[in-house]
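This report goes through selected local features of one protein chain. Please keep the sequence and the structure in view while reading.

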Amino acid sequence: MNLLYFSFFFSLLVISASAAPYRLSITKIFNVNDYGAVSDGRTDNAKAFQNAWADACAWDGLRPKLLIPKGKFLVGPLVFKGPCKGREMVVQVKGYVLSQADLNAYKTHEWISFRYINGLLLTGKGQFDGQGVYAWPLNNCLHKRRCKALPWSLNFSFVSNATVRGITSINSKNVHIQIFASNNINLHSIKLIAPENSPNTDGIHVGESKNISINQSIISTGDDCISIGPGTANLSISEVRCGPGHGISIGSLGGGKDEGDVVGIIVRNCTFSDTANGVRIKTWQESPTFSSAYDLVFEDLVMNNVDNPIVIDQKYCPHNLCSNKAPSLVKISNVKFRNIRGETRTKNAINLVCSDRVPCEDIELSNIDLKYSVVGDFAVASCVNVKGHSFGLMIPPSCI
């Protein structure tokens, strides 16, 4: 009996010893300070960051970690490119990361870009500061449909199976977070902040991507809190506090040839405060080719002092930039606006203007309670080229 116990105990020791090297290889930290980074807020540390990433990406362990410690780090444009050998790349941000203010430092419209990575965690309580205050006066995109875009702060292109958690981005020159051609990305508990009058500082823009979730976050910007572009599928947005800003928008769609459809969008349990819009679908008045947006749900939303709480705008043409008056060719269908309540600053609380060529179909309005902020007056709803139905409480009265 004793011999059996001894054999069993000895076997455990052998297994533990053989497993020890494997356990030690689970993670390894690549601290940017070890690569010469200087946290004085003046020295450009792009090379140190890039070299730390290169070693972390090449390390054949489970979770190599690129660490940005506490301190103030100035960095120019960065490309964190895969594929990497580890199962999941971890970027932990404890410090304050400051972008180059000089636009001549940027060869593309990206500041920090993650590309071709399968398995990524970007986390930490640090901040990314885009120093947009120096760039916003140079933004001419408000007056030109085709213009030179300023750099985005964080870009995710061709990224799969990623989580962005806990970070803060402030004063982006352009969009805070751009997601393109990516799959299975979860963003939660993040803060995206820019002044209300900062141009084109969308919080998150998603395009040509699928299986994206955004939840439990605070977004206060000068443009859309979240904008959803062509080719987006299966996007879930929940428990987002939006405002100030332009609300949550699908579009603008129909601006280019052969755009991908937008399908399977859910916006749920969100609060909008002092925004220029609530939830909006917008398509360019003139479209070169047909496309679609369908299976869209907006429900359980609160509007606090919001202009234009519910909008479909298929005559979108800011600053009269359209060359003609051709109708939109984007087909909008199966859209549900449910359980939306609060206060509207504009009398027209529901404004659904659809295409003359391809009218909206299967539009649902149900349990809407939007009161006009002007004492003694009442909100109204208006519909053009809309087919659908309404249910339950309707304040203002339905136009469908």
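Pro244 sits in the loop between E18 and E19. In this predicted model, the peptide bond that joins Gly243 to Pro244 is cis, with omega near -5°. A cis bond also links Gly82 to Pro83, where omega is near 0°. Pro83 belongs to the loop between strand E5 (78-81) and strand E6 (89-93).

The loop that runs from strand E18 (233-242) to strand E19 (248-253) also holds His246. An unreviewed UniProt entry carries the annotation "active site" for His246; this label comes from the record and may be inferred rather than shown by experiment. His246 counts as partly exposed because its relative accessibility is 27%, which falls between the cut-offs of 20% and 50%. Beyond its neighbours within four places in sequence, His246 is in contact with Gly222, Asp223, Asp224, Ala276, Asn277 and Arg280.

Asp224, one of those partners, is placed in the loop between strand E16 (210-220) and strand E17 (226-228). Is Asp224 buried or exposed? Asp224 is buried, as its relative accessible area is 2%. Its side chain makes a polar contact with the side chain of Arg280, at 3.2 Å. With neighbours within four places in sequence left aside, the contacts of Asp224 are Asp202, Gly203, His246, Gly247, Ser249, Arg280 and Lys282. Arg280 is thus listed for Asp224 and for His246.

Two residues have a positive phi although they are not glycines, and the table sets them out.

| Residue | Phi | Location | Relative accessible area |
|---|---|---|---|
| Asn200 | about 60° | loop between strand E14 (191-193) and strand E15 (204-207) | 18%, buried |
| Asp362 | about 55° | strand E27 (residues 360-372) | 45%, partly exposed |

Asn200 is classed as buried because its 18% is under the 20% limit.

Helix H2 (residues 46-58) is made up of 13 residues. From its first C-alpha to its last, H2 reaches 18 Å, close to the 18 Å expected at 1.5 Å a residue. Which residues of H2 are buried? They are Ala46, Ala48, Phe49, Ala52, Trp53, Ala56 and Cys57. These residues lie on the same side of H2, because they cover an arc of only 165° around the axis. The general background is that an α-helix has 3.6 residues a turn, so residues three or four places apart point the same way.

Key:
Residues numbered from 1 in each chain as written. Predicted model: local features only at pLDDT ≥ 70, side-chain atom pairs only at ≥ 80, totals over all residues. Heavy atoms only, no water. Helix = DSSP H or I, 4+ residues; strand = E, 2+ residues; numbered from the N terminus. Buried < 20%, exposed > 50% of the residue type's maximum accessible area, 1.4 Å probe, protein only. Polar contact = N/O pair within 3.5 Å; in protein donor to acceptor, adjacent residues only side chain to side chain. Contact = heavy atoms within 4.5 Å. Expected span 1.5 Å × (residues − 1). Arc of directions from axis to C-beta.
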